[in-house]
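Subject: Structure for you, with notes on what was found

Dear colleague,

Please find below the structure I promised to pass on to you, together with its sequence. My notes on what was found in it follow directly after.

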Amino acid sequence: MNFVNRLISRVRINEEKFGTSKRVIGMMTLISEELPDVPLYYLPDKLSSVIHSMSPGFLPIRSAILHAGYRVSLSHAAINSIKTDAPPSVLWDIMRCWAKIHTINEKRIIQGTPCAFILGKEPELAANFELHENAEPESKKLGLLRYQNGKKDWGPKAKATNDFHDQTEKRKQNQNKRANKRLKKDIDEGRYKQHYCANFRKTGSCNYGDECKYSHDIPVDEATPTT
């Protein structure tokens, strides 16, 4: 933890040298708040999905843990995670109490599933979801920049370009790419203009003109005159 505090101090002194200095300070501060003797973390959303209930949210579940007399912190590894010294039995009691407040559709409680097993027991703990004074971590109270953008596929995108003409040329090059590929295949396989164009034979005209892959050289006696 001394390393983390030293790193925060160094970055604060040289903030202008780092483009991500605010996030570095925020994440290091968050790490300094973590419970050092608790290696693993829980995700409330995952706990809720097991019993098919709505998530208790960040502050309510942290408050319930604190009211029960246990410690709780975030984890730098995942947003809205909880690290706690509360045993799993206490956490599931909290979730059972939450399920009593926010009723679960009985059709989703299927016998033989973890959901039915967990909710089939009465909680030994009466969870208190009232906001605890220490439920909100200091790093959040201070409004520090912490986790990265959590959106799907938020990482590196295509190379940016300001050249509109380059983009226009690229679109032109790709236009009708599939049609041209099919045309090349017809030519290679000897099918290009080997058959008469049905539209041209019937009406004497064709919307595709010279680009039509069928032949317009129809003998006069086979052509259907237009009226």
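Under the criterion used here for aromatic pairs, this predicted model contains one such pair. The rings belong to Trp98 and Phe129, and because their centres are 5.1 Å apart while their planes stand at 70°, the pair is edge-to-face, the cut-off for that class being over 60 degrees. Since Trp98 sits in helix H5 (residues 88-101) and Phe129 in the loop between H6 and H7, the pair ties together parts of the chain that are 31 residues apart in sequence. Trp98 counts as buried, with a relative accessibility of 7%, and Phe129 also counts as buried, at 17%.

Phe129 appears again in the nonpolar interior. The largest nonpolar core has 21 residues, and those with the most contacts inside it are Ile51, Ile61, Ile65, Ile94 and Phe129. Two or more residues of this core are given by each of the elements H3, H4, H5 and H6, and the largest share, seven residues, comes from H5. Ile61, if residues up to four places away in sequence are not counted, touches Pro44, Leu47, Pro56, Ile82, Ile94 and Met95. Apart from this core lies another, of six residues, among them Val4, Ile8, Ile25 and Ile31.

Two helices deserve a few words of their own, beginning with H5. Its 14 residues should span 20 Å at 1.5 Å a residue, and the C-alpha atoms at its ends are indeed 20 Å apart, so expectation and model agree. The buried residues of H5 are Val90, Leu91, Asp93, Ile94, Met95, Arg96, Cys97, Trp98 and Ala99, and what covers them includes H3, H4, E2 and H6.

Helix H2 (21-33) passes the same kind of check, because its 13 residues should span 18 Å at 1.5 Å a residue and its end C-alpha atoms are 18 Å apart. In H2 the buried residues are Ser21, Ile25, Gly26, Met27, Met28, Thr29, Leu30 and Ile31, and they pack against helix H1 (2-13), E1 and H7.

Turning to the charged side chains, how many salt bridges does the structure hold? There are five, of which I describe some here. In one of them, Arg71 pairs with Asp37, the closest N and O atoms being 2.8 Å apart. This pair links distant parts of the chain, with Arg71 in the loop between helix H4 (58-67) and strand E1 (72-75) and Asp37 in the loop between helix H2 and helix H3 (44-51), 34 residues apart. Arg71 also forms a salt bridge with Asp85, at 3.1 Å from N to O. Because Asp85 lies in the loop between strand E2 (78-84) and H5, whereas Arg71 lies in the loop between H4 and E1, this second pair ties together parts that are 14 residues apart in sequence. Asp37, Arg71 and Asp85 are thus linked in a network of salt bridges. Arg71 is partly exposed, with a relative accessible area of 35%, and Asp85 likewise counts as partly exposed, at 33%.

A further salt bridge is found between the side chains of Lys100 and Glu122, with a distance of 3.2 Å from N to O. Here too the pair links distant parts of the chain, since Lys100 is in helix H5 and Glu122 in the loop between H6 and H7, 22 residues apart. Both Lys100 and Glu122 are exposed.

The loop between H6 and H7 holds two other residues that you may wish to look at. Glu124, which is placed in this loop between helix H6 (114-119) and helix H7 (138-141), is exposed, with a relative accessible area of 80%. Glu124 and Ile94 are 30 residues apart in sequence, and their C-alpha atoms are 9.4 Å apart in space. Glu130 lies in the loop between H6 and H7 as well, and is exposed with a relative accessible area of 56%. The C-alpha atoms of Glu130 and Arg62 are separated by 9.9 Å, although the two residues are 68 residues apart along the chain. If its neighbours within four places in sequence are left aside, Glu130 is in contact with Ser63 and His67.

With best wishes

Note on methods: Residues are numbered from 1 along each chain as its sequence is written. Side-chain values use heavy atoms; hydrogens and water are left out. Helices (H or I, at least four residues) and strands (E, at least two) are DSSP runs, numbered from the N terminus. Buried means under 20% relative accessible area, exposed over 50%, partly exposed in between (1.4 Å probe, protein chains only). Rings of Phe, Tyr and Trp (its six-membered ring) pair if their centres lie within 6.5 Å; planes under 30 degrees apart count as stacked, over 60 as edge-to-face and the rest as tilted. A salt bridge is a side-chain nitrogen of Lys or Arg within 4 Å of a carboxyl oxygen of Asp or Glu. The expected span of a helix is 1.5 Å times one less than its number of residues. Contact means heavy atoms within 4.5 Å. A nonpolar core is a set of buried Ala, Val, Leu, Ile, Met, Phe, Trp, Tyr and Cys residues joined through side-chain atoms within 4.5 Å.
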